[in-house]
Amino acid sequence: MVPALGVSGAPQICVFAREPLAGRVKTRLIPALGAEGACRLHAALVEHTLATATGAGMPVQLWLAGDPRAAQVRQWAERFALTVHAQRGAGLGERMWFAARRQLRRRRAVLLIGTDCPALDRATLLRARDALGRRDAVIVPAHDGGYVLLGLRAFAPGAFERVPWGTRGVLRVTRTRLRRAGLRWRELPWRHDIDRPGDLAHLPGHLLLERLA
């Protein structure tokens with residue numbers, strides 16, 4: 001039986017994000033929003049995710065692809081009182097595993113999240129935390145075939161190896177990797193990522209839409 005997580009064993013939340021640079025973020029949304037509009041949406045999603053994560057009562061780190069000295073990044077670090085770490089690795093899988101491995105050496109569990117899902121709310125983060133009290137892993141699947149959250153409390157490098165990132169096969173392959181590693185996991189309700197023009201219908205109609213004006 002997996003022992004329950006105590007207060008001191010609260011998962012470390014690692015938020016993966018890119019520095020907001022027009023033309024280099026949310027590129028699949030550029031046909032609908034333009035490069036500047038897509039960049040503004042990206043920045044709004046990052047800010048929304050950081051606010052949600054820091055409001056969940058767990059430690060939060062920002063794992064950045066880009067310049068940690070950029071003005072927007074420094075503003076986020078100051079506003080949300082979090083540390084910024086450089087993503088390391090040749091691809092997304094290596095970068096996620098680098099962060100997960102580092103945290104699992106220090107803490108009993110880790111939650112890895114991106115910034116593409118405004119529906120990933122505080123309640124879901126708390127449910128993911130609680131799931132890791134009874135399981136080795138937890139997943140919040142995305143409707144596009146990937147996932148918006150992966151939580152681990154056991155070393156599982158295979159979960160990130162040879163995964164077809166950016167395709168509809170991400171979740172299927174990750175399930176297979178976890179099963180082969182002998183891990184037990186729980187899946188929470190599916191959520192929508194905001195990646196393509198058709199996904200814009202799932203944007204909440206408050207701050208994120210205002211930031212696009």
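Biologist: What share of the protein chain's accessible surface belongs to carbon and sulfur atoms?

Modeller: Of about 10000 Å², 50% belongs to them. The areas come from the Shrake-Rupley method with a 1.4 Å probe, and for residues only the protein chains shown count as cover. This is a predicted model: local features need pLDDT of at least 70, side-chain atom pairs count only at pLDDT 80 or more, and totals for chains, interfaces and linings use all residues. Residues are numbered from 1 along each chain as its sequence is written, and side-chain values use heavy atoms, leaving out hydrogens and water.

Biologist: Why is His-42 called buried?

Modeller: Buried means under 20% relative accessible area, exposed over 50%, partly exposed in between (1.4 Å probe, protein chains only). His-42 has 5% relative accessibility, so it counts as buried. Of the 213 residues of the protein chain, 51% count as buried.

Biologist: Which residues is His-42 in contact with, leaving aside neighbours within four places in sequence?

Modeller: Arg-18, Glu-19, Pro-20, Val-25, Lys-26 and Thr-115. Contact means heavy atoms within 4.5 Å.

Biologist: What radius of gyration does the protein chain have, and how does it sit against a compact globule?

Modeller: The radius is taken over C-alpha atoms, and the globule rule is 2.2 Å times the number of residues to the power 0.38. For 213 residues that gives near 17 Å; the protein chain has 16 Å, so the two agree. Its C-alpha atoms fill a box of roughly 50 × 35 × 35 Å along the principal axes.
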